[in-house]
Amino acid sequence: MTGLRWPLRLLLLAAALVAVLALGARGVVTPPDLVLVVVVGVALVSGPWAGALIGLLGGWLLDLAPPVADPLGVSALGYAAAGWLAGTARRRAGHPWWWPVPVTAAAVVVARTLPVLIDLASARPIAWGALAWEVLATATVGLVLVGLVGRVEATLVTRRWA
């Protein structure tokens, strides 16, 4: 068996999207962005190009998932940029346990920049408090889940399934 890395990444993206949609359906106003956490986890393990590609795919999934608020492709571009940025933060010799927190927070800011600029240009109100809460919640969840995504990727490589 070879080549399980990309199907597993897509499965992780789909599971993260379902979890975010389920949290939204349960009444959580600003859930942590679990799709971005998967993007950051893949990018920290595989580098900027894989991070940008998985970010593009994750953004497309979000663009197509209900409720659609932004124009098609806005999330995809933001997530691709966030994945590329997180991939450039990869360290070859490993990283300390706290490293996913600032990388995930920076990725959330990058991913949300284009929608905020669109809202500013169209004179729509921006919920700055909700945006700050999303950065904090996603970075906190990223502390645990980015490491798990990295472990899954490393297990695939060590078992030669990737």
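Which element gives the most to the lining of the second largest pocket? Keep that in mind as you read these notes on the model, which is a predicted one.

1. Start with helix α5, residues 100–121. At 1.5 Å a residue, its 22 residues should span 32 Å, and the end C-alpha atoms are indeed 32 Å apart, so the two values agree.

2. Now follow α5 along its length. At T113 there is a kink of about 35°, shortly before the proline P115. Just after the helix, look for A123, whose phi is positive, at about 60°.

3. Which residues of α5 are buried? Among them are P100, V103, V108, R112, P115 and D119. The buried residues of this helix pack against α2 (34–46), α4 (74–88) and α6 (128–158).

4. Next, find the largest pocket, with a volume of about 1,000 Å³. It is lined by 29 residues, and P67, A69, D70, R112 and E134 are the closest to its centre. R112 is also one of the buried residues of α5. That helix gives the most to the lining, with five residues, while α1, α3, α4 and α6 each supply at least two. By class, the lining has 19 nonpolar, three polar and seven charged residues.

5. Finally, turn to the second largest pocket, which holds about 240 Å³ of space. Of its 13 lining residues, L44, V45, R91, G94 and H95 lie nearest the centre. Two elements, α2 and α6, give two or more residues to this lining. Here is the answer to the opening question: α6 gives the most, with five residues. The lining divides into four nonpolar, five polar and four charged residues.

Note on methods: Residues are numbered from 1 along each chain as its sequence is written. This is a predicted model: local features need pLDDT of at least 70, side-chain atom pairs count only at pLDDT 80 or more; totals for chains, interfaces and linings use all residues. Side-chain values use heavy atoms; hydrogens and water are left out. Helices (H or I, at least four residues) and strands (E, at least two) are DSSP runs, numbered from the N terminus. The expected span of a helix is 1.5 Å times one less than its number of residues. The bend at a residue is the angle between axes fitted to the seven residues ending there and the seven starting there. Buried means under 20% relative accessible area, exposed over 50%, partly exposed in between (1.4 Å probe, protein chains only). Contact means heavy atoms within 4.5 Å. On a 1 Å grid over the protein atoms alone, a cavity is a set of points where a 1.4 Å probe fits but cannot get out, and a pocket is an open set with protein on both sides within 12 Å along at least five of seven lines; lining residues have an atom within 4 Å of a point. Grid points are joined across faces, edges and corners, and a volume is the space filled by probe spheres set on the points. Ala, Val, Leu, Ile, Met, Phe, Trp, Tyr, Cys and Pro count as nonpolar, Asp, Glu, Lys and Arg as charged, and the others, Gly among them, as polar.
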